[in-house]
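Below is a colleague's note on a structure, set out as numbered points. Please read it with the sequence and the coordinates open beside it.

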Amino acid sequence: AIKKFAGFVILIGESREQISKELRDIGYLDFRLADTLEEAVKVSRELTPKILILSPGGASQDMFRDFTERGELFKKFVEKYYG
């Protein structure tokens with residue numbers, strides 16, 4: 001599904017290396033790694049997306065207190081970089 005529907009993927013979090021390996025294994029190369037959520041949103045500006053989606057693939061405890069904090073920060077960074 002990712003090859004069919006995703007225009008580009010930016011990976012963050014402790015699983016990013018494993019997910020990037022799995023993406024390469026299926027021949028999907030339209031992705032980048034970012035160290036933080038803010039960096040991911042900032043990098044996305046360069047790609048001029050029509051749609052920007054936060055699509056967590058796992059728990060958020062490695063970077064955030066909980067999913068609420070993750071969502072609020074995503075919203076804050078989208079407003080900051082896309083305002």
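The points below concern a predicted model, and they go through helices, cores, loops and individual side chains in turn.

1. Helix 3 is a convenient place to begin. The helix covers residues 37-46, and its buried residues are Leu37, Ala40, Val41, Val43 and Ser44. When one looks down the axis of helix 3, these buried residues fall within an arc of 160 degrees, so they line one face of the helix. The partners against which they pack are strand 1 (9-11), strand 2 (31-33) and helix 4 (67-82).

2. Two of the residues just named also belong to a nonpolar core. The largest nonpolar core of the model consists of six residues, namely Leu37, Val41, Phe64, Phe74, Phe77 and Tyr81. At least two residues of this core come from helix 3, and at least two from helix 4, with helix 4 giving the most, three residues. For Tyr81, once residues up to four places away in sequence are set aside, the contacts are Glu38, Val41, Lys42 and Arg45. There is also a second, separate core of five residues, among them Leu11, Leu23, Tyr28 and Phe31.

3. On aromatic rings, a reader who sees the Phe and Tyr residues of the largest core may ask how many aromatic pairs the model holds by the ring-centre rule. With the centres required to lie within 6.5 Å, the count comes to zero. A charge over a ring does occur, however, in that Arg45 lies over the face of Tyr82, at 5.4 Å from the ring centre.

4. Ser44 deserves a separate remark, as a polar residue on the buried list of helix 3. With a relative accessible area of 2%, Ser44 is buried, because the cut-off for that class is under 20%. What lies close to the polar side-chain atom of Ser44? A polar atom of the side chain is 2.5 Å from the backbone oxygen of Val41. Leaving out residues up to four places away in sequence, Ser44 touches Ile10, Pro49, Leu52 and Tyr82.

5. The end of helix 3 leads to a backbone feature that I would list explicitly. Helix 3 is followed by Thr48, and phi of Thr48 is near 40 degrees, which is a positive value in a residue other than glycine. Thr48 is placed in the loop between helix 3 and helix 4, and it counts as exposed, at 63% relative accessibility. Helix 2, for its part, is followed by Gly27, where phi is again positive, near 85 degrees.

6. Helix 2 can be described in the terms used for helix 3. Within residues 16-25, which make up helix 2, the buried residues are Arg16, Ser20 and Leu23. Seen down the axis of helix 2, they fall within an arc of 60 degrees, so they line one face of the helix. The elements that cover these buried residues include helix 1 (2-5), strand 1 and strand 2. Leu23 is also one of the residues in the second core.

7. Two aspartates in loops come next, and the question for each is which residues distant in sequence it meets. Asp62 is found in the loop between helix 3 and helix 4, where it is partly exposed, with a relative accessible area of 35%. The C-alpha atoms of Asp62 and Gly13 are separated by 6.6 Å, although the two residues are 49 residues apart along the chain. Neighbours within four places in sequence aside, Asp62 is in contact with Gly13 and Glu14. In the case of Glu14, the backbone nitrogen lies 2.6 Å from a polar atom of the Asp62 side chain.

8. Asp35 is the other aspartate, and it is found in the loop between strand 2 and helix 3. With a relative accessible area of 52%, Asp35 is exposed. Its C-alpha atom is separated from that of Gly13 by 7.3 Å, the two residues being 22 residues apart along the chain. Outside its neighbours within four places in sequence, Asp35 is in contact with Arg16 and Met63. The side chains of Asp35 and Arg16 make a polar contact at 3.1 Å, and Arg16 is one of the buried residues of helix 2.

Technical notes
Residues numbered from 1 in each chain as written. Predicted model: local features only at pLDDT ≥ 70, side-chain atom pairs only at ≥ 80, totals over all residues. Heavy atoms only, no water. Phe/Tyr/Trp six-rings, centres within 6.5 Å; stacked < 30°, edge-to-face > 60°. Lys NZ or Arg CZ within 6 Å of the ring centre and 35° of its normal. Buried < 20%, exposed > 50% of the residue type's maximum accessible area, 1.4 Å probe, protein only. Helix = DSSP H or I, 4+ residues; strand = E, 2+ residues; numbered from the N terminus. Arc of directions from axis to C-beta. Contact = heavy atoms within 4.5 Å. Core = buried A, V, L, I, M, F, W, Y, C linked by side-chain atoms within 4.5 Å. Polar contact = N/O pair within 3.5 Å; in protein donor to acceptor, adjacent residues only side chain to side chain.
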